[in-house]
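Reader: Please present the model and explain how its helices are arranged.

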Amino acid sequence: MEGGFGVLLDGKSVKTPARNVLALPTEKLADAIAAEWRGQGDEVVATAMPLLRLANSVIDGVAANRDAVIAAVLRFGENDLLCYRAHQPPDLAARQREGWDPLLNWVAPAAWRTDDGG
């Protein structure tokens, strides 16, 4: 499948609720979603397929509205506890650094990192 890996049902590409082709970024994810489909019985139960539901949401909602989604996520930074941390008591400040700095360093631009290399 051009642009990713797909899942076939009866030889046809699976489509999202908005009728987009289910094009997935990795073969492993496509295999996992295919396994969700194989686990269905006589009746398709969408709630029993969390990876498919997540992929549909990304393709139909996030990808189609990327700029709006980025703006919405960035608004959380104004009052997010990951950005506004306790300085006292010292034990709490240390626990926050230990717990959150690795994640923040992973997602942050190099200039914002608190470690030496990322």
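Reader: In what order do the elements of the protein chain run from the N terminus on?

Author: This is a predicted model, in which local features need pLDDT of at least 70, side-chain atom pairs count only at pLDDT 80 or more, and totals for chains, interfaces and linings use all residues. Residues are numbered from 1 along each chain as its sequence is written, and side-chain values use heavy atoms, leaving out hydrogens and water. Helices (DSSP runs of H or I, at least four residues) and strands (E, at least two) are numbered from the N terminus. The protein chain has four helices and two strands, and the order is β-β-α-α-α-α.

Reader: On which side or sides of α2 do its buried residues lie?

Author: Buried means under 20% relative accessible area and exposed over 50%, with a 1.4 Å probe and protein chains only. In helix α2 (residues 50-62), Leu52, Ala55, Asn56, Ile59 and Asp60 are buried. Because they cover an arc of only 110° around the axis (taken from the directions from the helix axis to the C-beta atoms), they lie on the same side of α2.

Reader: Which residues are exposed on the other side of α2?

Author: The buried residues of α2 are covered by elements including α1 (27-38), where contact means heavy atoms within 4.5 Å. Exposed on the other side of α2 are Pro50 and Leu54.

Reader: How far apart are the end C-alpha atoms of helix α4?

Author: The expected span is 1.5 Å times one less than the number of residues. For the 18 residues of α4 (residues 90-107) it is therefore 26 Å, which agrees with the distance between the end C-alpha atoms, 25 Å.
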